[in-house]
Amino acid sequence: MRLTPLAAIASLALLAACTAPDKPKDATATPAADSAAATAPQPAVAADGPGPASAKIGADQVGKVSPVPAFKGFGEHWSIDIQATGEMNHKIDLTWGSGSEKASGTARYNGQPADAPNTLIVLSGELQTKSGAKPMTIEISKKECIDDGDNKHMHSVDVSVEGMDKLTGGCGDLAVY
């Protein structure tokens, strides 16, 4: 048995330990202060560049970025496509009547309604229909949903447009940051 590889590994470990930078000692720091600093939460992003992607928006984005970057949903004989266009605004494409009716519009996320559960996202806006602009409300709930093809989706969706029957029981998938 040759010991050369083991000796090389041990030498590298020793070299790495010897060349590690020493932690600067502050003459006024106490051991309690050192341990408090060691247990303090560290920022999620390093100073020299972005860290790994996260599924949550950062604290600096709250109130500036919608919780709906993109969403595709559908129900019986209808579908909806939502794309964020910046800030809290969205472009909406709605198809209903088994595909015979289509309209586009815009909606805005105005924050979490005070009386709503935190699993509900509400977008309010207008749909440009053949008979003019109609007020529209889209409710996306973080609630598991099974479609007609037995496929699982993580969100359910309902769409209300003035002058139309409410489009309910939809399933969909919300993109995450």
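What share of the contacts in the protein chain with a separation of 6 or more is accounted for by residues 24 or more positions apart? The share is 33%, where contact means heavy atoms within 4.5 Å.

The model is predicted: local features need pLDDT of at least 70, side-chain atom pairs count only at pLDDT 80 or more, and totals for chains, interfaces and linings use all residues. Residues are numbered from 1 along each chain as its sequence is written, and side-chain values use heavy atoms, with hydrogens and water left out.

**Overall layout**

The protein chain has 2 helices and 10 strands, in the sequence order α-α-β-β-β-β-β-β-β-β-β-β. Helices (H or I, at least four residues) and strands (E, at least two) are DSSP runs, numbered from the N terminus. Of the 177 residues in the protein chain, 25% are buried. Buried stands for under 20% relative accessible area, exposed for over 50%, and partly exposed for values in between (1.4 Å probe, protein chains only). The exposed area of the protein chain is about 12,100 Å², with 58% of it supplied by carbon and sulfur atoms; accessible areas come from the Shrake-Rupley method with a 1.4 Å probe, and for residues only the protein chains shown count as cover.

**Core**

A nonpolar core is a set of buried Ala, Val, Leu, Ile, Met, Phe, Trp, Tyr and Cys residues joined through side-chain atoms within 4.5 Å. The largest one has 23 residues, and Ile80, Ile82, Leu94, Ile138 and Val159 have the most contacts inside it. Two or more residues each come from β2, β3 (89-96), β4 (101-109), β5 (120-129), β6 (132-141), β9 (155-161) and β10 (167-174). Apart from neighbours within four places in sequence, isoleucine 138 is in contact with ten residues' worth of partners listed as Ile80, Ile82, Ile92, Ala107, Ile121, Val122, Leu123, Val157, Asp158 and Val159.

**Strand pairing**

Two strands pair if DSSP finds at least two bridges between them. β10 takes part in the two pairings below.

| Strands | Sense | Bridges | Bridge partners or opposite residues |
|---|---|---|---|
| β1 and β10 | antiparallel | 4 bridges | phenylalanine 71 and leucine 174 |
| β9 and β10 | antiparallel | 4 bridges | histidine 155 and glycine 172 |

β9 and β10 form a hairpin with 5 residues between them, and glycine 163 in the turn has a positive phi of about 85 degrees.

**Positive phi outside glycine**

Histidine 77, in the loop between β1 (70-75) and β2 (78-86), has a phi near 70 degrees and is partly exposed at 48% relative accessible area. Aspartate 150, in the loop between β7 (145-146) and β8 (152-153), has a positive phi of about 60 degrees and is exposed, with 65% relative accessibility.
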